[in-house]
Amino acid sequence: MTDSDLDMVLEWRNHIDVRKYMFTQHVISWVEHKSWYERCLKIPTKHLLVFQLQGTPHGFISFSQIEGGKIADWGFYTAPIAPRGTGQLLGKEAINFAFTNLGLCKICGQALSYNEKSINFHLRFGFQQEKILRVQDLDERNARTVICFGLLKNDWYMNQKGKVYVG
Ligand SMILES: CC(C)(COP(=O)(O)OP(=O)(O)OC[C@H]1O[C@@H](n2cnc3c(N)ncnc32)[C@H](O)[C@@H]1OP(=O)(O)O)[C@@H](O)C(=O)NCCC(=O)NCCS
């Protein structure tokens, strides 16, 4: 992601079909977005990526490395108008990038319990469900349930061997 992607990523992030599945669900202002971006740029273990298909941007991914850099939490969304199948392409590309370019040995994901698409997405890529958390929002009254997933590098490459991914 570069400065020139800022407007586009904010538009995607604020779309109701994305925002309703995020931990923070308010409409993000330009000032908040810009300050988040500038904060991230200063953190060497944070990676903000735009997924492109034939030069057209179709989604956003972030990796935040923890545990000495070998493990990362990821977050992602496809552009609300992205064609069917984009999520699968984004996922495969991002996972390969993380294990190859970032040198990770594990990717961790978290999905709100009502986000069936993300839960299926993680399972389809071979993530294991590792725990279920009850999270109390700071700014809302309700507690929410979060499903935590993990994917090991070894499992990913074992699963990919000889396998043609059909979605
Ligand atoms: C989470 C997210 C990336 C998942 O993407 P996705 O649903 O796998 O996206 P795809 O377009 O690849 O797949 C859509 C459906 O078409 C199917 N599909 C994939 N490729 C296909 C193809 N070539 N032809 C027909 N169908 C296809 C998929 O199997 C999927 O089926 P499902 O709805 O039964 O799961 C996307 O839904 C999203 O951005 N959601 C909002 C933000 C969000 O929740 N982010 C994650 C927070 S944890």
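Colleague: How much space lies in the largest pocket?
Modeller: The largest pocket holds about 1,700 Å³, a volume being the space filled by probe spheres set on grid points joined across faces, edges and corners. A pocket is an open set of points on a 1 Å grid over the protein atoms alone, where a 1.4 Å probe fits, with protein on both sides within 12 Å along at least five of seven lines; lining residues have an atom within 4 Å of a point. This is a predicted model, in which local features need pLDDT of at least 70 and side-chain atom pairs pLDDT 80 or more, while totals for chains, interfaces and linings use all residues. Residues are numbered from 1 along each chain as its sequence is written, and side-chain values use heavy atoms, without hydrogens or water.

Colleague: Which residues are closest to its centre?
Modeller: Val 18, Met 22, Phe 76, Tyr 77 and Thr 78, out of 50 lining residues.

Colleague: Where does the ligand sit?
Modeller: The ligand occupies the largest pocket, meaning that more than half of its atoms lie within 2 Å of the grid points.

Colleague: Which residues around the ligand come nearest?
Modeller: Phe 76, Gly 85, Gln 88, Asn 115 and Arg 124, of 17 around the ligand (a heavy atom within 4 Å).

Colleague: And which polar side-chain atom lies 3.0 Å from a ligand oxygen?
Modeller: One of Lys 117. A backbone N or O atom of Gly 87 is also 3.0 Å from a ligand oxygen, and a polar backbone atom of Thr 78 is 2.9 Å from one; such polar contacts are N or O pairs within 3.5 Å.

Colleague: How much of the ligand's accessible area does the protein cover?
Modeller: The protein covers 73% of the 920 Å² that the ligand has on its own, by the Shrake-Rupley method with a 1.4 Å probe.

Definitions and conventions: A polar contact is a pair of N or O atoms within 3.5 Å; within protein, one must be able to donate a hydrogen and the other to accept it, and residues adjacent in sequence count only if both atoms are side-chain atoms.
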